[in-house]
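The following exercises concern a predicted model. Each task is followed by a solution that goes step by step.

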Amino acid sequence: MNSLPEDMENTLTGSQTSHASLHDVHSINPTQLMARIESYEGREKKSISDVRRTFCLFVTFDLLFVTLLWIIELNVNGGIENTLEKEVVHYDFYSSYFDIFLLAVFRFKVLILAYAVCRLRHWWAIALTTAVTSAFLLAKVILSKLFSQGAFGYVLPIISFILAWIETWFLDFKVLPQEAEEENRLLIVQGASERAALLPGGLSDGQFYSPPESEAGKKINYHLCSCALLKKMHTPPSFYFSKTLSKHLTCQVFGI
């Protein structure tokens, strides 16, 4: 006898929860969806994304830093004019630093052309520059006589090698994944707005207003749930049980 009212209360609670979830679905605010779509579309309309612009700045820093080190090396080894003529005009693979500077210029031109001008979303350009840089520097370190020319024989090859691989890491793990994630978010928001537009009627909260439930309505729902539970019982109740339950339900409905 005690378990029957508890079952009725659980059934009423489940029905109220389902009505609340349906109200939440219909209370979608299209203004927020449109604001998100406009924000993502504004990012797409930019000439270049923020993370890609940061990558291009780092590529420019690579060129400027290697150039600065090379100019310092020219000034240290007997003056800029004399050393420049020796390393550029009378170029020697085994003792000149001019090729390391040209390697930085090569990386700058290829990467800026590929990822700033053409806006590629693939890693083949950075793979090309990193492979060429690594192979050339390894060959120069093995075959040349840079280590006998002081500290710059160590600094310039190592700095160029490190900067090339930092550029590869930054593009592969930051630029391309973040841009792909932003594009997926835009597609998700657009899909949500299209599904919200297909919902019947309006989408505002005021159009789905429901008045508070009265006490009589609660009693009628209680009576209907009790009848549904009795129909699901496998064993028919006795006459005394039916009479007692009917009297109890009558008192609940009319507030006796």
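**Exercise 1.** Determine how many helices and strands the protein chain holds, and state the order of its elements.

*Solution.* Step 1: the protein chain has nine helices and zero strands. Step 2: read from the N terminus, the elements follow the order α-α-α-α-α-α-α-α-α.

**Exercise 2.** Describe the burial, the contacts and the accessible surface of the protein chain.

*Solution.* Step 1: the protein chain has 256 residues, and 29% of them count as buried. Step 2: among contacts with a separation of 6 or more, 77% are between residues 24 or more positions apart. Step 3: the accessible surface is about 16,700 Å², and carbon and sulfur atoms account for 65% of this area.

**Exercise 3.** Identify the residues of the nonpolar surface patch of about 710 Å², then place Ile162 and classify its accessibility.

*Solution.* Step 1: the patch is made by Phe147, Tyr154, Val155, Ile158, Phe161, Ile162, Trp165 and Ile166. Step 2: Ile162 lies in helix H7, which covers residues 152–197. Step 3: partly exposed denotes a relative accessible area between the 20% and 50% cut-offs. Ile162 has 41% relative accessibility and therefore counts as partly exposed.

**Exercise 4.** State how many disulfides the whole structure contains, and decide whether Cys56 and Cys118 are buried or partly exposed.

*Solution.* Step 1: a disulfide joins the sulfur atoms of two cysteines by a covalent bond. Step 2: the search of the whole structure yields zero disulfides. Step 3: Cys56 counts as buried because its relative accessibility is 10%. Step 4: Cys118, at 48% relative accessibility, counts as partly exposed.

Technical notes
Residues numbered from 1 in each chain as written. Predicted model: local features only at pLDDT ≥ 70, side-chain atom pairs only at ≥ 80, totals over all residues. Heavy atoms only, no water. Patch = residues over 30% accessible without salt bridge, like charges linked within 9 Å, V, L, I, M, F, W, Y side chains within 5 Å. Areas by Shrake-Rupley, 256 points an atom, 1.4 Å probe, with all protein chains shown as cover. Salt bridge = Lys/Arg side-chain N within 4 Å of Asp/Glu carboxyl O. Helix = DSSP H or I, 4+ residues; strand = E, 2+ residues; numbered from the N terminus. Buried < 20%, exposed > 50% of the residue type's maximum accessible area, 1.4 Å probe, protein only. Disulfide = S-S within 2.5 Å. Contact = heavy atoms within 4.5 Å.
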